[in-house]
Structures are given as C-alpha cells and as structure tokens.
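Please find below my comments on the model you sent round, set out as numbered points. They should be read with the structure open alongside.

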Amino acid sequence: MERYICIHGHFYQPPRENPWLEAVEMQASAYPYHDWNARIAAESYAANAASRILNGDGKIAEITNNYAHMSFNFGPTLLLWLATQDPETYEAVLAADRQSQERFSGHGSALAQVYNHMIMPLANERDKYTQVRWGIADFTARFGRMPEGMWLAETAVDIATLEVLAECGIAFTILAPHQAGRVRPLGAENWEDVAGARIDPTRAYRQYLPSGKSIALFFYDGPISRAVGFEHLLDSGEGFAQRLAGAFNDGRDEAQLVHIATDGETYGHHFRHADMALAYALHYIEQQGIATITNYGEFLEQHPPTHEVQIIEDTSWSCMHGIERWRSDCGCNSGGYPQWNQEWRLPLRAALDWLRDTLAPVYAEQAHAFFADPWAVRDQYIAIILDRAPENVQTKLAEWAGRALSDEEEVAALKLLEMQRHALLMYTSCGWFFDELSGIETVQVIEYAARAVQLAQSWCGEQVETEFLARLAQVKSNLPEHGDGQRIYEKWVKPTQISLKKVMAHYALSDLFEDYPDEAAIYCYTVARNEQQMFSAGKARLVVGRARLTSHITRETDEFSYTALHFENHNLTGGVRQTRSAEEYTTLAQELSSAFDRADLAETVRLLDDNFDRRLYTLSQLFRDEQVKILDILMGDERDAAEAANQAIYDRSVVLLRFLTGQGLTPPDVLKFAAETALQARLRAAIEHDPLNPDEIKQLLHEAELAGAQLNDADLAYRMKLRVNAIIDDFRATPDDPDCLARTVAVVEEAHAVPGEVDLWHAQNVYYDLLQRHGEEFRARGDDGEEARAWWAQFAHLGDLLGVQV
C-alpha cells in the first residue's frame with residue numbers, strides 16, 4: 001500500500017483596509033504591532049516561512065519553509081497586503097511554491113482562492129464568475145502559473161459554483177467530509193449513501209456536472225482536522241505525526257491519502273509555536289518513512305479518481321446548518337454572547353442584495369458608453385487592480401474600449417469599475433460570521449457598500465444612499481446604544497468617507513509637521529505641490545500652499561489652495577478650497593501672512609473662516625496614523641517635562657525607596673511611580689544608545705530591583721529586539737568585520753540580560769542563513785591563524801547566544 005500525507009493550510013484574513021485609503025490604519029489592540037495583519041503575519045505567516053526544528057538540546061538544528069512541504073492557499077486580498085507590507089514573507093511564499101514544484105513532480109503546492117472570500121452559493125451567477133476569474137488572474141500574476149486547485153470560502157459549495165470552477169479550468173477543490181452525499185465506483189450503477197461525514201477521505205473523487213464537465217474533489221479528514229484546530233493536537237509535533245499515521249487503513253491495498261485542512265493561522269497565531277509542531281511533524285514523517293509527503297496536484301496525477309461523488313449542495317465547513325450562518329439566525333456564532341441573536345444577518349444581506357441589484361443596471365448602462373461588453377470588462381478589471389501604474393491603466397482601458405479614452409472618460413470608467421469592485425467586496429463572508437452587527441468585520445462590509453454608494457452618486461445622486469439607509473434601519477443591533485444599521489452607518493461609516501478635499505485637508509494639517517517633497521504620496525493619492533509658504537511666531541506656525549491632488553484609484557484630480565494654523569498643544573485648524581486662479585491664491589496668502597506676522601491670531605482665524613466658508617478641519621480629521629504621529633510630536637515637550645520631574649523626584653528619594661523596599665514596606669504610590677517612570681526612561685535610552693553600555697544597563701536593572709520598581713518588561717524587550725535586528729543586519733552586510741561581529745555579540749548578550757523575552761527570530765534567521773551559505777568557508781578560517789580563529793570563536797559564540805546549532 002502506498003501511503004501519502006498532505007496538510008493544507010487556508011491562510012486568510014478579513015480585509016481591514018480603509019476603502020477610501022486602500023490601506024490598513026493603526027489598530028491599538030494589536031500593539032506593539034501596527035495592526036492585526038502585521039501581528040498575525042509575524043506570529044503565523046512569517047513564522048511558517050522560517051519555522052524551527054530543534055535538536056535534543058533545544059537549539060535550532062534547521063530552519064525550514066513549511067509552505068514548501070504542505071498544501072496552502074492565501075487569500076488574494078491578504079497577498080496584496082503582504083506584497084507591500086511584508087515583502088520578505090511574501091517572497092518566501094512565492095519561493096515555496098517554486099520549491100514545491102521541484103518536490104512534487106512539477107505540481108505547485110499553492111492553490112488559488114475565490115477573490116474576496118464570498119460565500120459562493122449565495123452569489124449570483126455573474127459574481128461567481130468574477131470571483132473565480134479574479135482569483136485565477138491574481139494567482140497567475142503572483143505565482144507565474146495557472147492554479148490547479150481553488151479554495152472556496154468556508155468550503156461553501158453548490159453545483160453552480162463547481163460548474164464555474166470547471167469552466168474556468170480548475171481541476172479540483174477541497175471540501176469537508178460532511179459535504180459528500182453519496183459515492184460509487186466509476187462505471188457502477190448503485191450509489192452508497194455517505195451523508196453524515198461517512199465518506200472515505202483517503203482517495204480523490206470525481207463530481208460529474210450537468211454541463212458534461214467534471215471536477216475532482218478531495219474530502220479532508222474531519223476528526224484530525226478538528227483535533228488540529230480545536231483539541232491541542234499541535235502541542236506535540238511527534239504526536240501530530242503519529243495521529244496522521246494512524247489514519248491509514250492497513251486493510252486496503254490501493255494508494256491512500258491522509259489529508260487535513262484547517263485555517264493556516266492555526267500554525268502560530270491561534271496556537272503559539274504551532275508552526276514548529278507542523279515543521280517537526282513533516283520532518284518526522286519523512287525521517288521515519290511513515291508516508292510520502294505530497295500535494296493534491298501530484299496525488300491527483302498519480303492516482304486519479306476511481307470513484308464518483310455527488311455533493312450535498314449549500315453546505316460549508318463552518319456551519320452545521322449548511323450556509324445559514326451567512327443569511328439567518330441559525331444558531332452558529334462564536335459562543336461568547338449567548339444572550340445575543342443574529343437576526344440581523346438576513347436583513348443585512350437583503351440590503352446588500354438590493355444595493356447590488358440597484359447598481360448593476362447603472363454600471364451596465366453607463367459603462368456601455370465606453371465598453372461593448374461591460375461585464376466582460378469587469379472580469380478583466382483585475383489587470384488594473386494588480387497594477388495601478390498610470391500607463392497600465394491607460395493601456396488597459398484603451399484596449400477594452402477599442403480606443404483611447406479622454407481623461408474625463410477614464411475617470412468615469414474607473415469610478416464605475418470601482419463601484420463594482422466594492423459591490424463585490426461588501427459580500428466578504430466575515431461580515432456575517434460573527435455575533436453582532438456592530439462588530440468590526442460587519443462594519444467593514446458596510447463601509448465597502450458605502451464606498452460603492454458614494455461612487456454611484458455621479459449618476460444616481462443621493463437617492464441610492466437614502467434608500468439603502470432605509471433598509472439598514474431594518475437591521476437591528478443587539479446593543480441598544482447602536483440601535484440599527486442606519487445608526488451604525490451614520491456613527492461610524494459616514495465619518496470615514498473621504499473626498500479629495502478631505503485628503504487635501506489631511507495634507508494641509510500634516511504639512512505643518514512633515515517635510516514633504518514637492519510630490520508626495522498620501523495613501524492612494526498623490527499631492528503635487530505648486531507653492532508653499534511657512535511662517536512662524538514663537539510656537540505658532542502658519543502654512544499656506546497650493547497643490548494638485550490625484551487619486552491613484554480613479555484618476556480623479558483637482559487643484560486646491562490650503563492653509564493650516566497651529567497655535568500650541570493640539571490646537572490645529574486648517575481650510576481647503578478649490579483653486580480658482582493663481583492671483584486669488586496670492587491674495588489669500590498675503591492676507592493670512594500679514595495678519596499672522598502682526599501676531600494677530602484672532603484676525604488670522606477670522607480670515608480662515610471667511611475664506612473657507614467656515615468649513616475648517618482640525619486634528620480630529622487627520623487619518624489615524626498621522627494623527628498619532630503628530631500627537632506624539634505635540635506631546636514631546638510635555639512628556640519630556642513630566643519625565644524630568646519624575647527623574648528629579650526619583651533622584652531625591654532613591655535612598656528612601658531602597659530603605660523602604662529593604663524593610664519590606666510599601667513605598668508611597670507617587671514615589672514608586674516616579675521611580676518606575678525614571679528608570680524605564682533611562683533603560684530605554686541605554687538600550688538605544690550607540691555604543692551599547694552593558695554596565696549601565698546592568699546598573700539600572702539593579703537600581704530597579706533595589707527600589708522595588710515594576711518595569712514595563714514588554715516595552716524593554718521590544719526595544720531590544722529592534723536593536724538586535726539593526727545590528728544583525730549590519731553584520732549580515734559586513735560579516736568579515738571583526739568589530740561589527742564583536743558589537744553584534746555584545747548586543748545579543750545584553751538581550752539576554754534585559755527583563756522580558758526578547759524576540760530573536762529575525763537574528764536567528766540571518767545567522768542561520770549565513771551559516772548555511774558560508775558555513776564551510778567560515779569554519780575553514782579557523783585554520784588561517786590566531787586572528788581567524790578568534791573570529792570563528794566569536795561567530796560560534798554568537799550562534800550559541802542565538803540558540804542556533806553550530
């Protein structure tokens with residue numbers, strides 16, 4: 001009997017991008033990371049690209065790319081984020097697919113995914129095709145090949161969806177065992193009922209379709225997948241491997257495939273270090289000869305289906321009621337709020353269906369002015385989503401229109417296509433998965449809907465929004481303070497809507513603090529500055545300027561005059577208006593600068609009110625990341641003053657604090673706070689000082705112990721991680737420099753001295769890579785004299801400090 005094992009990971013995150021900025025803004029709950037994408041990327045996506053296999057002493061014996069040894073899919077919207085925000089991990093994912101082709105008979109391990117995780121049985125036919133075609137195009141552009149398989153969101157399936165997959169050239173997909181209805185050997189007459197997850201999951205099956213086409217289906221092992229996701233099977237890599245090995249049926253002679261499918265985030269995010277359990281399990285299976293590691297494409301080629309299957313339609317892997325979790329109060333939820341209901345799901349979907357069906361004829365009619373087949377162009381629009389460069393946009397639109405479009409026509413065409421993109425994004429499955437209408441995932445899909453509504457206003461005016469809000473009013477929250485969907489829209493969604501003028505207001509206010517070049521990127525917009533004048537009087541500052549703002553997405557553009565005034569602290573105000581003429585701008589600048597030069601701030605504010613129709617912007621209107629950055633600048637003086645005061649209090653009371661602590665007495669809170677603040681600041685400065693002074697850090701830690709000060713260990717560990725990462729990158733660039741090696745060793749030694757667990761992951765990766773690529777060369781140096789031996793001894797010591805087997 002031939003024994004094969006395949007482990008599939010579905011790597012996916014709900015889209016978190018602000019629909020108007022095309023970027024994920026800061027999320028405080030993800031601290032110390034910028035946002036949850038970044039946090040999960042560090043804990044799972046990057047971790048699986050460089051997973052550790054330890055030796056018997058607990059040192060790193062091997063760093064392996066798990067993706068190259070498993071089957072996986074990444075959501076296209078997640079890959080888009082990774083490509084720009086974590087390019088190293090992104091490249092490792094692509095490299096893994098290339099490596100897997102070498103391992104698995106030319107079959108890559110990466111699968112495509114329906115584009116934005118839409119529940120396919122609930123999609124109309126047109127959306128089904130776009131989801132699949134965009135998913136295939138995105139995959140092909142990134143991985144450089146046609147996908148063999150495609151992951152369906154939540155494995156939600158019906159025959160119509162399988163027809164679309166087959167028509168688009170997809171060879172197989174993966175389903176849960178309870179989604180199979182009946183099976184029979186190919187050519188046989190009688191069916192066997194396998195409902196209730198009774199299907200044999202160790203073979204591939206063929207589903208024949210009404211069109212005459214067919215598609216291969218794999219049904220994963222349910223109990224083992226469940227144990228991985230929910231029963232702590234990943235506590236032991238060897239135990240994981242043995243559980244997989246135990247799923248083979250020794251009573252059968254034919255080839256068997258034991259395979260599982262879970263959320264990819266299980267490996268590292270849901271369970272810390274579970275990526276290492278996965279790495280060790282794969283290593284152990286191969287080392288012990290338990291089975292052959294394979295992927296679905298290779299197994300399908302070598303062992304094509306011998307049995308036919310018929311699926312149970314309108315089912316999924318995460319709802320025991322089929323697909324009701326995405327359209328009704330079926331009882332499926334997170335379990336955290338048993339007093340809540342999910343009756344909001346049905347009217348929310350009805351509201352979005354109404355919006356989709358209202359916008360579709362608007363798109364078809366208006367886009368027909370440019371394109372012979374607007375819906376075919378929508379399917380091809382992914383080519384622009386993947387490459388927003390102006391020359392590509394212009395070329396593609398001209399190709400689809402059969403002629404060059406004017407600037408105005410390009411803007412109109414792009415707005416129509418973006419309207420359709422957001423009408424697809426608003427169906428992202430996460431909007432219905434959780435418990436409450438006001439949850440961030442549900443608000444996110446409402447934001448996508450709002451963006452589609454806003455784009456439609458060029459043709460529909462305000463009527464669509466009015467009617468949409470009336471429908472949202474029927475969608476009730478569990479929380480009285482949130483009321484219904486209309487109130488949520490008006491409270492959270494409407495304020496996030498962005499116009500060109502609001503982007504320019506952000507630029508104007510931040511121009512007081514940023515040293516922008518003449519052409520600057522503000523998220524998905526470009527600001528080309530024509531003029532700028534800066535004035536200051538004590539702490540007060542005034543900026544006046546004129547600039548052209550252009551959207552990368554719709555190519556909309558306009559020229560604005562702007563001004564911003566900073567009094568002191570957080571008191572910022574600014575105005576923006578369309579530039580009517582250069583002369584008008586000159587007059588504005590002269591009037592404002594004249595009043596400001598006289599230190600007549602009241603007159604300056606009056607001129608702002610008069611010239612900008614009393615529609616002024618403040619710090620609260622800044623986009624979140626810039627708002628936090630500017631607040632940090634504005635608080636600098638106050639923070640420095642507070643730290644200095646606490647330093648002085650600590651210095652005066654240090655002897656008393658030590659006495660109290662030594663006697664087992666509790667110091668007054670105010671003195672304890674001063675000590676903790678002062679010592680934290682001094683340690684922070686010591687860690688960041690170049691060169692590092694280990695004696696100073698040791699002394700400060702000793703002082704903290706004597707004073708009974710509770711330090712913020714996580715903050716110190718994080719800052720030390722940044723210091724280690726910086727020095728190890730320097731060492732990677734100049735490994736032959738003994739001084740750089742000595743500095744690196746000193747910093748890593750100190751990383752072991754500070755409280756808290758310092759993340760050495762990046763440093764270990766760099767060291768291991770150097771060891772793999774240059775290890776023999778480095779070892780040979782040990783025979784080249786005393787200086788070379790000293791270098792090798794230091795290098796080996798660095799490996800010990802990093803926990804790497806040398």
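The points below concern a predicted model, and they take up a pocket, the nonpolar cores and the salt bridges in turn.

1. The second largest pocket holds about 1,300 Å³ of space, and its lining is made up of 48 residues, with Phe230, Asp263, Trp317, Ser318 and Phe433 lying nearest its centre. The elements that contribute two or more residues to this lining are helix 1 (36-49), helix 6 (222-230), strand 12 (256-263), helix 15 (430-433) and helix 16 (440-460). Of these, helix 6 gives the most, with six residues.

2. As to the character of that lining, a division by class gives 22 nonpolar, 18 polar and eight charged residues for the second largest pocket.

3. The largest nonpolar core comprises 101 residues, and within it Phe371, Leu397 and Phe468 touch the most other members. Apart from this core lies another, of 80 residues, which includes Ala92, Val114, Leu209 and Val228. In soluble globular proteins, nonpolar side chains tend to be buried together.

4. Leu397 deserves a separate look: once its neighbours within four places in sequence are set aside, Leu397 is in contact with Phe371, Ile384, Arg403, Leu405, Glu410, Ala413, Leu414 and Leu417. The list therefore includes Arg403 and Glu410, which count as charged, beside Phe371, another of the residues that touch the most other members of the largest core.

5. The count of salt bridges comes to 46, and one of them joins Arg184 to Glu308, with the closest N and O atoms 3.1 Å apart. Because Arg184 lies in strand 8 (residues 180-185) and Glu308 in strand 14 (residues 307-311), the pair ties together parts that are 124 residues apart in sequence. Both partners fall under the 20% cut-off for burial, since Arg184 has a relative accessible area of 17% and Glu308 one of 10%.

6. Is the salt bridge between Glu584 and Arg580 formed by residues that are buried or exposed? The closest N and O atoms of this pair are 2.6 Å apart; Glu584, at 21% relative accessibility, counts as partly exposed, whereas Arg580, at 61%, counts as exposed.

7. A further salt bridge is formed by Arg684 and Glu643, whose closest N and O atoms are 3.0 Å apart. This pair links distant parts of the chain, with Arg684 in helix 24 (residues 669-688) and Glu643 in helix 23 (residues 636-662), 41 residues apart.

8. Finally, salt bridges also occur as a network, in which Glu603, Arg606, Asp609, Asp610 and Arg614 are linked.

Conventions: Residues are numbered from 1 along each chain as its sequence is written. This is a predicted model: local features need pLDDT of at least 70, side-chain atom pairs count only at pLDDT 80 or more; totals for chains, interfaces and linings use all residues. Side-chain values use heavy atoms; hydrogens and water are left out. On a 1 Å grid over the protein atoms alone, a cavity is a set of points where a 1.4 Å probe fits but cannot get out, and a pocket is an open set with protein on both sides within 12 Å along at least five of seven lines; lining residues have an atom within 4 Å of a point. Grid points are joined across faces, edges and corners, and a volume is the space filled by probe spheres set on the points. Helices (H or I, at least four residues) and strands (E, at least two) are DSSP runs, numbered from the N terminus. A nonpolar core is a set of buried Ala, Val, Leu, Ile, Met, Phe, Trp, Tyr and Cys residues joined through side-chain atoms within 4.5 Å. Buried means under 20% relative accessible area, exposed over 50%, partly exposed in between (1.4 Å probe, protein chains only). Contact means heavy atoms within 4.5 Å. A salt bridge is a side-chain nitrogen of Lys or Arg within 4 Å of a carboxyl oxygen of Asp or Glu.
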